[in-house]
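I am opening a fresh notebook page for this chain. Come along while I look things up one at a time.

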Amino acid sequence: MDAVCMVMTAVGSEAAADVLAQQLVETQLAACVQVMPVKSFYVWQGESRREAEYLLLVKTRAALYAQVETFILAHHPYDTPEILQLPVLTGSSAYLQWLLASTRDAGGQTL
């Protein structure tokens, strides 16, 4: 079975999260994107920050990571967005098969 992964990113508004999630699914770069409100604490340009954000958990094929990253960079409202790839080591066989069927392969073909 093809390797799958989860990609994480966060945006500053629910509307921006909804748009990005919908675009990733519609382009078949992701099978599913979950959006959750979170509170982020970080230092940016020397200033301590505390922000409400919306975390996107993008479920996709590992082979599509580069395309997902490029897409997020092109559509993300932040100058330097968080984009992290987390490997999925195992999971429900039926879910993983659905994920693969719901995404295109690295060559752009749907299966």
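Which residue in β3 does Val35 stand opposite? I looked it up, and the partner of Val35 is Leu56. A reminder to myself before I go on: this is a predicted model.

**Entry 1: the strands around β3**

I followed β2, residues 32-44, and found it joined to β3 by 13 bridges, with the two strands running antiparallel. β3 itself covers residues 47-61. The two strands make a hairpin, and two residues sit between them.

I then turned to β1, residues 4-11, which also pairs with β3 in the antiparallel sense, over eight bridges. In β3, Tyr54 is the residue I found opposite Val11.

**Entry 2: the whole chain**

I stepped back and counted three helices and four strands. Reading from the N terminus, I noted the order β-α-β-β-α-β-α. The radius of gyration came out at 14 Å, close to the 13 Å that the globule rule gives for 111 residues, so the chain is as compact as a globular protein of that length.

I also noted the span of the C-alpha trace along its principal axes, about 45 × 25 × 20 Å. Of the 111 residues, 33% count as buried. Next I looked at contacts with a separation of 6 or more, and 73% of them come from residues 24 or more positions apart.

**Entry 3: Lys59**

Is Lys59 buried or exposed? I found Lys59 buried, and yet without a salt bridge. Its place is in strand β3. I searched for the nearest side chain of opposite charge and arrived at Asp18, 14 Å away. A salt bridge needs the two charged groups within 4 Å, so I could not count that pair.

What does the side chain of Lys59 make a polar contact with? Here I found the side chain of Gln34, at 2.8 Å. I listed the other company too, leaving aside neighbours within four places in sequence: the contacts of Lys59 include Cys5, Met6, Tyr95 and Leu99. Ala30, Ala31 and Cys32 are also among them.

**Entry 4: Val58**

I moved to Val58, also found in strand β3. At 0% relative accessibility, Val58 counts as buried. With neighbours within four places in sequence left aside, the residues in contact with Val58 include Val7, Leu24, Val33 and Val68. Cys5, Met6, Ala30 and Cys32 are in contact with Val58, and these four names also appear in my list for Lys59.

I kept one general point in the margin: in a regular strand the side chains alternate between the two faces of the sheet.

One more distance for this page: Val58 and Gln85 are 27 residues apart in sequence, and I read 9.2 Å between their C-alpha atoms.

**Entry 5: two glutamines with positive phi**

Where does Gln45 lie? I found Gln45 in the loop between β2 and β3. Its phi is positive, about 50°, although Gln45 is not a glycine. At 71% relative accessibility, Gln45 counts as exposed.

Gln28 gave me another positive phi in a residue other than glycine, near 60°. This one lies in the loop between α1, residues 14-26, and β2. At 27% relative accessibility, Gln28 counts as partly exposed.

Methods
Residues are numbered from 1 along each chain as its sequence is written. This is a predicted model: local features need pLDDT of at least 70, side-chain atom pairs count only at pLDDT 80 or more; totals for chains, interfaces and linings use all residues. Side-chain values use heavy atoms; hydrogens and water are left out. Buried means under 20% relative accessible area, exposed over 50%, partly exposed in between (1.4 Å probe, protein chains only). Lys and Arg count as positive and Asp and Glu as negative; His and the chain ends are not counted. A polar contact is a pair of N or O atoms within 3.5 Å; within protein, one must be able to donate a hydrogen and the other to accept it, and residues adjacent in sequence count only if both atoms are side-chain atoms. Contact means heavy atoms within 4.5 Å. Two strands pair if DSSP finds at least two bridges between them. The radius of gyration is taken over C-alpha atoms; the globule rule is 2.2 Å times the number of residues to the power 0.38.
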